[in-house]
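Dear colleague,

Please find below the structure I am handing over to you. My findings follow it.

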Amino acid sequence: QLSCLAKMVMLHGIPKDLDSYPKDLLLFLSPSDYAVTGSCRQYFANIGKANLDILQRESPHRKQLLLEALACLKIPGTQVNEENAEILGRLACDLGGEYIRSSGGNLLKLLSQCESFLPDQEEAIRNVISSGNTTFGPPVAWSAFTLNGLSGLIPVFDHSILQKIPK
């Protein structure tokens with residue numbers, strides 16, 4: 001339905017008020033379609049707020065969106081800074097383990113909103129959490145507030161992490 005709606009919206013050219021359309025609709029437009037009304041950064045900031053689960057996790061379209069976002073944001077290598085992480089939004093859920101490890105804690109808050117993880121991502125999240133080199137600090141220093149902020153990641157924690165968290 002959204003794909004059909006996107007075609008209807010684009011029937012008479014690209015509307016100038018694309019930002020006022022539902023974010024989920026933008027999933028079916030390309031960055032070049034959007035470029036007329038704004039920057040690719042703005043497009044991906046909107047995509048990052050969309051419900052990516054409309055697209056299958058490993059679908060070619062979803063993978064292409066992530067590749068285009070990384071190219072647009074000119075992310076060198078696998079390290080994502082805080083600003084780019086915010087723009088990626090829910091697209092961060094598709095980043096591989098190497099990005100999660102290289103980016104340290106910059107992705108943790110976003111990742112806690114993801115529906116599920118691949119084994120590679122889970123291992124990377126545990127590595128980053130265990131290192132303690134994040135804004136959340138080491139698990140031994142966590143409070144209920146910290147756990148609340150990371151609640152979506154708790155199922156990924158293994159025994160070695162869980163036993164360090166204060167009761």
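A pocket here is an open set of points on a 1 Å grid over the protein atoms alone, where a 1.4 Å probe fits, with protein on both sides within 12 Å along at least five of seven lines; lining residues have an atom within 4 Å of a point. The model is predicted: local features need pLDDT of at least 70 and side-chain atom pairs pLDDT 80 or more, while totals for chains, interfaces and linings use all residues. Residues are numbered from 1 along each chain, and side-chain values use heavy atoms, without hydrogens and water.

The largest pocket has a volume, the space filled by probe spheres set on the points, of about 170 Å³. Its lining includes E82, G105, K109 and F136. Helices (DSSP runs of H or I, at least four residues) α6 (82-88) and α8 (108-111) each give two or more residues to this lining.

Elsewhere, α4 (residues 40-47) and α5 (residues 60-72) pack with their axes (lines fitted to C-alpha atoms over the stretch in contact) 10 Å apart. Contact (heavy atoms within 4.5 Å) is made by C40, R41, Y43 and F44 of α4 and L65, E68, A69 and C72 of α5.

Yours faithfully

Key
Axes are lines fitted to C-alpha atoms, for helices over the stretch in contact, and angles run from 0 to 180 degrees between N-to-C directions.
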